[in-house]
Amino acid sequence: MIKFKRDKIWFELAILDKIMAKAIEQIEESLAVLEGAIAHLSTEFHHSYSNYLTSLGKAVRQQLILASYHLCTQGNPTGFLNLSLGEKQKLQQDIRQLGGQIQDQLLAQLLPENNSDSPAEVENSDGEELFRTEEKAEFPREVNPQNPEDLAQWQEELEKKIGQTLKNCSRDANRLLQQAGILPQQMPEALLEAALKADSGHEVPGPPNLLNLMVEAHSDWAEPSAKGDREPENPTFIQLIAIQLRLAEIELADAAVMTGRHQIRHLVSQLSRMRREYQKKQREKAIAEAESAWRAIWVDE
């Protein structure tokens, strides 16, 4: 009787093991299908960002020139008029060159830093075709385009790089304006950096991509007084107008860039759904494998 019960239990366990093995196989098949869909989504992400960054690069160049024009003609017209003809021309040329560089820098964000054999090309900023890739999207070696977590991290890092590129361009443009005498030449760069960070992300009235603040002026534009020094009784404030390229304002001003942003948001929404499904299937697989492993070594004493 006891032997019969044991045989029945082992028979039932054997059937259950087969059922669990089939369940694991089905989960693995679902994961494989999902990974294929994520790989396709990765290609769409790469293609959409290629188009978006191409449009964004052109728009940034235009907005940089417009912001520089406004600053030189309305922000500090006297300073611009005091420049010689050659100095005016050089400033305009430097701004144009900076705009071309920002186009190339934005497009280069899609190039894997650790892949010297990338087929992508970045042409001269004045060329018609600024960026070209093969049909297969290129990702850094550490990014698995079938893994939604890797893809999400890649997308988030790319957005950070875009924002940092705009900050760097704003900084370089303000340096050019300082050198030309449009902005105070002796003003500490740290002060301007702090002003840009303090205003970052806020909607500013007035022309787009310009920072307009009142800052305390020092007679020699020295660094702020050390802790413990006596503060001036009657501080003098001046109006500071500087370039601050803002992604949101650039997107609103250009239909092609905004269309690209909408496409990316749609892909991000798809990725979020796939991430949840992928995590769910991975957990189901882990649970099924753990149950199977438990039964495989269990001894009924």
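In the predicted model, Glu-157 has a relative accessibility of 35% and therefore counts as partly exposed. This residue is found in helix α4. Its C-alpha atom is separated by 9.9 Å from that of Gln-109, although the two residues are 48 apart along the chain. Helix α4 also holds Gln-155. The relative accessibility of Gln-155 is 10%, so this residue counts as buried, the cut-off for that class being under 20%. Apart from neighbours within four places in sequence, Gln-155 is in contact with Phe-45, Tyr-49, Ile-264 and Val-268.

Two of these partners, Ile-264 and Val-268, also appear in the contact between helices α4 and α7. Helix α4 spans residues 148-180 and helix α7 spans residues 255-297; their axes come within 9 Å and cross at roughly 150 degrees. Because angles over 145 degrees count as roughly antiparallel, α4 is described as roughly antiparallel to α7. The crossing of α4 past α7 is left-handed. On the α4 side, the contact is made by Pro-148, Glu-149, Leu-151, Ala-152, Gln-155 and Glu-159. On the α7 side, the residues are Arg-261, Ile-264, Val-268, Leu-271, Arg-275, Tyr-278 and Gln-279. By class, the residues of this contact comprise 7 nonpolar, 4 charged and 2 polar.

Helix α4 is also in contact with helix α3, which covers residues 85-108. The axes of α3 and α4 come within 11 Å and cross at roughly 170 degrees. These two helices are therefore roughly antiparallel to each other. Helix α3 contributes Leu-91, Asp-94, Ile-95, Leu-98, Ile-102, Gln-105 and Leu-106 to the contact. From α4 come Ile-162, Thr-165, Cys-169, Asp-172, Ala-173, Leu-176, Leu-177 and Ala-180. The contact of α3 with α4 has 11 nonpolar residues, along with 2 polar and 2 charged ones.

A separate local feature concerns backbone geometry. Most residues other than glycine have a negative phi. Asn-209, which is not a glycine, has a positive phi of about 65 degrees. This residue is found in the loop between α5 (189-199) and β3 (210-217). With a relative accessible area of 0%, Asn-209 is buried.

For the protein as a whole, the model contains 7 helices and 4 strands. Read from the N terminus, these elements follow the order α-α-α-β-β-α-α-β-β-α-α. Of the 301 residues, 38% count as buried. Among contacts between residues at least 6 apart in sequence, 77% join residues at least 24 apart.

Confidence varies between the elements of the model. The average pLDDT of the protein is 81, and 75% of the residues score at least 70. Helix α6 (residues 247-253) has the highest mean pLDDT of the elements, at 95, whereas strand β2 (residues 131-132) has the lowest, at 40. The pLDDT is below 50 over residues 116-135, a stretch with 36 contacts in the model beyond near neighbours in sequence. It is likewise below 50 over residues 221-228, where the stretch has 11 contacts beyond near neighbours in sequence.

How values were computed:
Residues numbered from 1 in each chain as written. Predicted model: local features only at pLDDT ≥ 70, side-chain atom pairs only at ≥ 80, totals over all residues. Heavy atoms only, no water. Axes fitted to C-alpha atoms, helices over the stretch in contact; angles between N-to-C directions. Parallel < 35°, antiparallel > 145°, perpendicular 65-115°, else oblique. Left-handed = near helix turned anticlockwise from the far one by under 90°. Contact = heavy atoms within 4.5 Å. Nonpolar A, V, L, I, M, F, W, Y, C, P; charged D, E, K, R; others polar. pLDDT = per-residue confidence, 0-100. Buried < 20%, exposed > 50% of the residue type's maximum accessible area, 1.4 Å probe, protein only.
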